[in-house]
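Hi,

Here's the structure I said I'd pass along. Have a look at it first, and my notes are underneath.

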Amino acid sequence: MQRLPALCYLIAFVFLWSGPTPVAAQSPDAAPPAASQADTDRWAEQQLAAMTLEEKVSQMFSVWASGYFQNVDEKSYWQLVDFVEEFQVGGVIFGPGDLMAQATLTNDLQQRAARPLLVAQDMEWGPGMRLDEAATFPPAMAIGATRTPEYAYLAGYATAREARTLGTHQVYAPVADINNNPENPVINIRSYGEHPELVAQMTSDAVRGLQVGGAIATAKHFPGHGDTGTDSHLDLPVIPFSRARLDTLELVPFRSAIQAGVESVMTGHLSFPALEPDSTVPATLSPVITEGLLRDELGFEGFVVTDALDMQGVTKNFGAGETAVRAIEAGVDMLLMSEDPYVARKAILDAIASGRLSEARIDRSVRRILQEKEQMHLHRHRLVSMEAVQTYVSQRSHKVLEDEIARASMTLLRNEEDLLPLTPPDGRRVLVVTLNDSENPYVGNTFIRELRDGPSIGGVAVRRLHANSDAEDYDEVIADATRFDVVVVASFLRVRSWSGRIGLPEEQAGFLNEITQIESPVVLTAFGNPYAVMSMDHLPTAYLAAYGTRRASQQAAAQALTGQSGTPGKLPVTIPNRYGYGSGIHLEQVSPRVDAPEAIGMDGRQLYRIDSLMHDGMLNKAFPGAAVAVGRGQTIAMLDGIGYYTYEAKKEVTPHARYDLASLTKVVATTTAAMKLYEAGALDLDARVVEYLPAFGQNGKETVTVRQLLSHSAGFQPYLGPDERGPSPQAIVDTIMAKSLQYEPGTESRYSGLGMITLMQIIETLSGQDFATFCEEEIFQPLGMYSTGFRPVGAVDESIVPATDTTGTIIQGTVHDPVAQHMRGTSGNAGLFSTAEDLARFASMMVNDGRIYGRPFLQKATIDLFTRRVDGVPGSTRALGWDTKSDEGYSSAGERFGDQSFGHTGYTGTSFWIDPEQDLYAILLTNRVYPDDTDRQVSQYRPQFADIVYQALIAPPAPILPDAPPCYHSAPVAAREAADCEAASNAALSAPPSQVGGR
């Protein structure tokens, strides 16, 4: 079935569930009062008229504050209080910190401030850039690699929602710089790329997302910091290009941002001799650039803020006072992080007294600052709601967006010998080497954990190299690497401001050149700087650019290497002498992946009801625990263990817990084996069984066909009684061969395990292998179902969930079914043990037209044939091996699974159903036969489970515009300007982000 792209569901998820734009410490759901422009002007003008000249000048300063906890006795705290209470700064910029500590400090400072503070923060890749617990999106270059402007918009919107919740009003993002210099030590992955049109599109959509989300977007670093090899934190970069070049390159994204309605621009500490003749004067201090170019020529009428004024790009040539005066002369409104605000303020006041500056010039900037505050409704509500922080920050919708962007950004630049993806059943031994330029040896833990938890690739060993590693450490890793089938080097080369370094440290560069020459293939995954490969003498076998270093990028990279996601990214820059702009090898997702339900159009909150249902079953003693798997297509939306192995509650169930599948054996093993032989041309469904098993022709069974065995219409009795089972597997088979039929074959359907045991005999005859071996080699190993298989009777395994056999004996590792026990654990009707995780892989193959790991396992036509209800058998719901949903009355598939659904149940309390119309599957494993074999009403929980799964499906959003793709950017309410939230929402829904500007 064709479903809507994941992006459509993601858009609806982020917009509808991100919560209202926070504006007050009152109820987070309260919309702000409507304010007319006249009201805004009146408040701003009233404040301006009431302020002294010194207070006006103070409003133009924004000081730095740590977002970490500060005791009231600390010097840093009282310095900050002094700036707020005595100096009366206009704003605060928070650095790194903790969510709740920053929110608490924000409220403290706002309550102390005579006028509301404009709070700002660098959030280029989300609030998590400064606050570890908040949403952290992949960096701008990763978004550029996706070539999907919607991601820039969504990331901007989500960033704004969290920022406003935290009391941050101005977001210093997006970066509008074009990174066309691989040696740039400060921009790099902070830029969307090197192509002006790409950067312009991403920048403008990020601006719209931020501002529709309720924040002030700030395009930086005007007029462009991309083409320089100097870090302005350390020195004054010189951009030696003509005005014509600036018009066609650096200025393109800024023009686009201005057209998109960006409310703020940050000036950069950059020398542009073609614009400003004095090479010691950075753009921040140049009237020609800020007032002349930005305001007069480009028509920007918004709010201009400097980059940090404690950077060497300005302090190299000017002191704190002269810097502040020159910035105001240049046309700046807000002075950010002055080296000494008191000295700077005095210099400004002196310049006004001398006539160098005018009070009218000060008023112009202060008026803009006050109007920004009023548009934020800070004159009415300035405090942070702690309840809102816990509700709306780092919420699931934003994490889903992080993961989606990261996966879409993965850029595979080299893949010799089709090394990637690493998928079952290859079983290659993998060595992961983390290579990082910090002293933290634990960098890369998410990447390692994801590789180990993903599809089995034969084991993952880890070696770590970091800033404290010596030459001996490097040599040991090189020697060790030769013992492995594949070596994965995870390079964490971060671009750090103030470091002045962009390339690999010498010892790490030497290591990469050496390890790429060993015999084993080497995969280099670059987290952070994608240019790392530029200086390598020898290329790795495969090279993946992941751009980011945080959780989402690490997880996405591991998934890309193992086929759990594709590699759709396209390089947004040129890597000289290696890879051109737009390079990228596109691999599709080939392995099942665990992901958020919302990524595939399911409501995770609805799926949470499964937990409650299972606990209800546990309380009613229906079963002591359960393992569940729910998914669509190649995505597993829920994989969970609930409860315990036994009612003693000593060992918890996990998705890896092995359960006795009982009659699910009939479909997972026996029917699938028949499908494989059918496709191979060895098994004819309409052939008489006697053609394969001559002994079967006894007592009137000569005309029974293979199709009738599979459809339970062969005429067999349901089961063999205790006195019919015989002392050995062969005795049971002989009994079945000699059995008479109870009704004419093909005239009705009666469920029977005898036909499946007969079918097992046919499979062994045709394959020349015993049934367990055939299933292991032809089904379980190719599907990566390494925890699935038959077990010998009597073998105890405490990792297996226990059951009770028909004699009341507790068994743990022995099959429950009596006939399967007599068959010594391997039978066509029962005997299989498996996990929810393994069965999810099997189900993923079934709903993906028989394909998995990039290879066909079954043909779609075969699946359709075996899962379609058999014609001509009155009253039967049976397909070939599988059952189908009943037309009326009870069904373990519940009431909502579609008419084409197929599945099966098992006596031990298992259930497996697939709705092919929705690519949906629901798997439930329980041990309801513990501690005895009495009826525990598991039958009432199976359909409820299926119904909850189906109810979790999210209806596809209707197209927003005629001719528009479904759900294309259902933009949220611009709440702070809306008296009528519903009306504002409807208005916002009428346009995609490229048509939604301002706030």
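Let me start with a strand pair: strand 18 and strand 22 (residues 832-834) run antiparallel to each other and are joined by two bridges. If you want a spot to click on, Asp-660 has Phe-833 in strand 22 as its bridge partner. Keep in mind throughout that this is a predicted model.

That pair belongs to an open sheet of three strands, in the order 18-22-19, with antiparallel pairing. Strand 18 (659-660) and strand 19 (789-790) are the edge strands; each has a single partner strand, so one side of each has no neighbour in the sheet.

There's another antiparallel pair to look at: strand 9 (residues 411-415) and strand 14 (residues 542-545), held together by four bridges. Here Thr-411 is matched with Ala-545 of strand 14. Is strand 9 mostly covered or mostly open? Mostly covered, with four of its five residues buried.

Helix 17 (residues 396-409) is also worth a look. From first C-alpha to last, this 14-residue helix reaches 20 Å, close to the 20 Å expected at 1.5 Å a residue. Helix 17 is mostly covered as well, as 12 of its 14 residues are buried. The buried ones aren't just greasy side chains: among them are Val-400, Leu-401 and Ile-405, but also His-398, Glu-402, Asp-403, Glu-404 and Arg-407.

On to helix packing. Helix 18 (residues 445-453) packs against helix 21 (residues 551-561) at an angle of about 35°, and their axes are 8 Å apart. The crossing is right-handed. On the helix 18 side, the residues that meet helix 21 are Asn-445, Thr-446, Phe-447, Glu-450 and Leu-451. Their counterparts in helix 21 include Arg-551, Gln-554, Gln-555, Ala-558 and Leu-561.

Finally, the nonpolar cores. Which residues touch the most other members of the largest one? Those are Phe-222, Val-262, Leu-335 and Ile-348, out of 89 residues in that core. Helix 4 (residues 75-87) contributes the most to this core, with six residues. There is also a second, separate core of 81 residues, which includes Leu-661, Leu-693, Val-704 and Met-785.

If you'd like to see what a well-connected core residue looks like, zoom in on Ile-348. Leaving out residues up to four places away in sequence, Ile-348 touches Val-57, Phe-61, Ala-324, Val-325, Ile-328, Leu-335, Leu-357 and Ile-362.

Cheers

How values were computed
Residues are numbered from 1 along each chain as its sequence is written. This is a predicted model: local features need pLDDT of at least 70, side-chain atom pairs count only at pLDDT 80 or more; totals for chains, interfaces and linings use all residues. Side-chain values use heavy atoms; hydrogens and water are left out. A nonpolar core is a set of buried Ala, Val, Leu, Ile, Met, Phe, Trp, Tyr and Cys residues joined through side-chain atoms within 4.5 Å. Buried means under 20% relative accessible area, exposed over 50%, partly exposed in between (1.4 Å probe, protein chains only). Contact means heavy atoms within 4.5 Å. Two strands pair if DSSP finds at least two bridges between them. The expected span of a helix is 1.5 Å times one less than its number of residues. Axes are lines fitted to C-alpha atoms, for helices over the stretch in contact, and angles run from 0 to 180 degrees between N-to-C directions. A crossing is left-handed if the near helix is turned anticlockwise from the far one by less than a right angle, and right-handed if clockwise.
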